[in-house]
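Biologist: I'm new to this one, so please pick a single pocket and give me a close look at how it is built.

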Amino acid sequence: MQLQHLKTFIRENKKAFITSVIVGLIFLTTGFVGVAHGMAVKKKVRLSHAYVQARQQEKITVDEVSGWMTFDYLNYTFKLPPEYLKETLHINSPKYPNVQVAGYAKQSRIEKSAFLESLKSAIQNYGDAR
Amino acid sequence: MDFLLQTILSYLLVYKYLVLFLVTFFAALALPIPSAATLMASAAFAAQGYFDLSLVIITASLGNILGDNLCYWLARTFGPSVLRKLGFKKYLDSPVLLSFERHINRRPGIIILLSRVEVIATISVNLLAGLGKMPYRKYLLYDCIGEVLQVCMYASLGYLFGSQWQEANSIIGKVFLAMTFGGMIFAIFLWKKISKRVSRQKRS
């Protein structure tokens, strides 16, 4: 019975659904082309290259590690053992790894930029050792 | 990246879909929260495998739809009485506002769908739909379709551009700033045009 109601509803509003699909495709295409074009202009490359470059760099690099990230996210992204950063950087937060990097530095009264540099070195050293 | 967005992203990484829902819900209620950037970031995290893209789309759509519906019902239930108490009776009963409401009720689909792209347009249309007592089923249908499309658009961009989502977001931010500015000029122009038409109708 409810399926019948749904079928009737869709039939009565067929125009709405078709318009929505068309509008949706227009949004998506415009958004994608617009952003890729903006990136291409900024990086002075061809439109197709801008997208290919973005796809090739799927995961973040060590240089892009920022204070707003959490240790859990970094462990996942760089495929680190769960306790590696905790042991290497002597992190003693009970909330580890679900704690923000900058938040931990502030809580432990460590200078944020220095801690970030140590973090990046630790990640880099693990990558080099593998 | 601004401090608010950084804070939201930190909580997003810890509390995941709950934060995404809350951000999209409160952004739909006109709070100045970067919900598009949060959604794009969530989709970028999904591209990296840290989030699930289908859950990102469902959660963000739900947040937006519930926020829009709350806006609609608040405007419909309390809008006229609150505006009268605040001294806006003259505008509430103005032929220009009634003309706007009639336009929205005549073509609800395309107006609601297109307004989902820009936040000020979304809120304005939600409020006008509520004040004008647009039939709720019609409003809900187009709102659901529009919000799912909007969420899919931002999520697709975040997913497709992956770790470059911040750059994609800054480009989109500039485009929508220009659209907002253009939209405001268009709205002022439309208001003046409708006012003139209403004055002419009154005189004749």
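Modeller: What follows is a look at the second largest pocket and at two pairs of helices that help to line it. This is a predicted model, in which local features need pLDDT of at least 70 and side-chain atom pairs pLDDT 80 or more, while totals for chains, interfaces and linings use all residues. Residues count from 1 along each chain as its sequence is written, chains are lettered from A and ligands numbered from 1 in the order written, and side-chain values use heavy atoms, without hydrogens or water.

The second largest pocket (an open set of 1 Å grid points where a 1.4 Å probe fits, with protein on both sides within 12 Å along at least five of seven lines) has a volume, the space filled by the probe spheres, of about 840 Å³. Its lining (residues with an atom within 4 Å of a point) takes in 34 residues. If you want a way in, look for B:Ile33, B:Pro34, B:Ser35, B:Ala36 and B:Val119, which lie nearest the centre. By class, 20 of the lining residues are nonpolar (Ala, Val, Leu, Ile, Met, Phe, Trp, Tyr, Cys or Pro), nine are polar and five are charged (Asp, Glu, Lys or Arg).

Six helices (DSSP runs of H or I, at least four residues) of chain B each give at least two residues to that lining: helix 2 (17-28), helix 3 (35-47), helix 4 (53-77), helix 9 (119-131), helix 10 (136-161) and helix 11 (165-203). Helix 11 of chain B gives the most, with nine residues.

Now for the pairs. Helix 3 and helix 10 of chain B pack at about 50 degrees, with their axes (lines fitted to C-alpha atoms) 7 Å apart. They are therefore oblique (outside under 35, 65 to 115 and over 145 degrees) to each other. Their contact (heavy atoms within 4.5 Å) involves residues of helix 3 including B:Ala36, B:Leu39 and B:Met40, and residues of helix 10 including B:Val151, B:Tyr154 and B:Gly158. This one is a greasy-residue story by class: 12 nonpolar, one polar and no charged residues.

Helix 4 and helix 9 of chain B have axes that come within 7 Å and cross at roughly 40 degrees, which makes helix 4 oblique to helix 9. Among the residues touching here are B:Asp68, B:Tyr72 and B:Arg76 of helix 4, and B:Thr122, B:Asn126 and B:Leu131 of helix 9. This contact divides into six nonpolar, three polar and two charged residues.

How values were computed: Axes fitted to C-alpha atoms, helices over the stretch in contact; angles between N-to-C directions.
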